[in-house]
Amino acid sequence: MSSDPGQGRLQCPYCDSYEIDRLYLASLRVDSCVCTSCGARWDEDASTGEFRGRQSQARTSRTESR
Ligand SMILES: [Zn+2]
């Protein structure tokens with residue numbers, strides 16, 4: 001009963017962790033999610049919460065140094 005359809009997933013689809021950093025990208029209208037447990041990154045549609053697949057590094061204009 002705690003699941004909330006349409007609000008995006010709360011769990012990492014890769015390791016089922018709830019430790020997720022969620023960042024709304026207004027330009028793409030997606031939520032960019034990062035699992036702080038396993039480090040996986042993926043995108044979700046910000047309006048529907050639909051899983052958009054694993055984030056490709058080439059798509060983001062932001063440079064990440066890690
Ligand atoms: Zn994870």
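Here is a short chat about how the strands, turns and exposure labels in this predicted model come about.

User: What makes up the chain in terms of helices and strands?

Analyst: The chain has four strands and zero helices. From the N terminus on, the elements read β-β-β-β.

User: How do you know that β1 and β2 pair?

Analyst: Two strands pair if there are at least two bridges between them. β1 and β2 have six bridges, in the antiparallel sense, so they clear that cut-off of at least two. One of the bridges links D21 to V34 in β2.

User: And what makes β2 and β3 a pair?

Analyst: Strand β2, residues 30-35, is joined to β3 by five bridges, and the two run antiparallel. The cut-off is at least two bridges, so β2 and β3 count as paired. For an example to click on, V30 has D45 in β3 as its bridge partner.

User: Why do β3 and β4 count as paired?

Analyst: β3 (residues 41-45) and β4 (residues 51-54) share three bridges, again antiparallel. At least two are needed, so β3 and β4 pass. Among the bridge partners, D43 goes with G53 in β4, and E44 goes with F51 in β4.

User: What order do the strands take in the sheet?

Analyst: The four strands form an open sheet in the order β1-β2-β3-β4, with antiparallel pairing. β1 and β4 are the edge strands, since each of them pairs on one side only. On average, neighbouring strands of this sheet are turned by 25° against each other, direction ignored.

User: Which residues in the hairpin turns have a positive phi?

Analyst: In the hairpin of β2 and β3, which has five residues between the strands, G39 in the turn has a positive phi of about 85°. The hairpin of β3 and β4 also has five residues between its strands, and there G49 takes a positive phi near 75°.

User: Which residues other than glycine have a positive phi?

Analyst: D16 is one of them, with a positive phi of about 65°. R29 is another case, with phi near 55°. D16 sits in the segment before β1, while R29 is in the loop between β1 and β2.

User: Why is D16 called exposed?

Analyst: Count the C-beta atoms around it: D16 has 10 C-beta neighbours inside 10 Å. Exposed means 12 or fewer, so D16 gets that label.

User: Why is R29 called buried or exposed?

Analyst: R29 has 11 other C-beta atoms within 10 Å. With the limit at 12 or fewer, R29 is therefore exposed.

User: What makes Q11 partly exposed?

Analyst: Q11, which lies in the segment before β1, has 13 other C-beta atoms within 10 Å. A buried residue needs 20 or more and an exposed one has 12 or fewer, so 13 falls in between and Q11 is partly exposed.

User: How do you know which residues Q11 touches?

Analyst: Contact here means C-beta atoms within 7 Å. Not counting residues up to four places away in sequence, Q11 touches D16, S17 and Y18. As for C35, Q11 is 24 residues away from it in sequence and 8.6 Å away in space, C-alpha to C-alpha.

User: Why is P13 called partly exposed?

Analyst: P13 has 15 other C-beta atoms within 10 Å. That value lies between the limits of 12 or fewer for exposed and 20 or more for buried, so P13 is partly exposed. P13 is also found in the segment before β1.

User: What is P13 in contact with, and how far is P13 from C35?

Analyst: Leaving aside neighbours within four places in sequence, P13 is in contact with W42 and F51. The C-alpha atoms of P13 and C35 are separated by 9.1 Å, and these two are 22 residues apart along the chain.

User: How much of the chain is buried?

Analyst: Buried residues make up 11% of the 66 residues in the chain. To get that label, a residue needs 20 or more other C-beta atoms within 10 Å.

User: What share of the contacts comes from residues 24 or more positions apart?

Analyst: Of the contacts in the chain with a separation of 6 or more, residues 24 or more positions apart account for 19%.

Notes. Residues numbered from 1 in each chain as written. Predicted model: local features only at pLDDT ≥ 70, side-chain atom pairs only at ≥ 80, totals over all residues. Contact = placed C-beta atoms within 7 Å. Axes fitted to C-alpha atoms, helices over the stretch in contact; angles between N-to-C directions.
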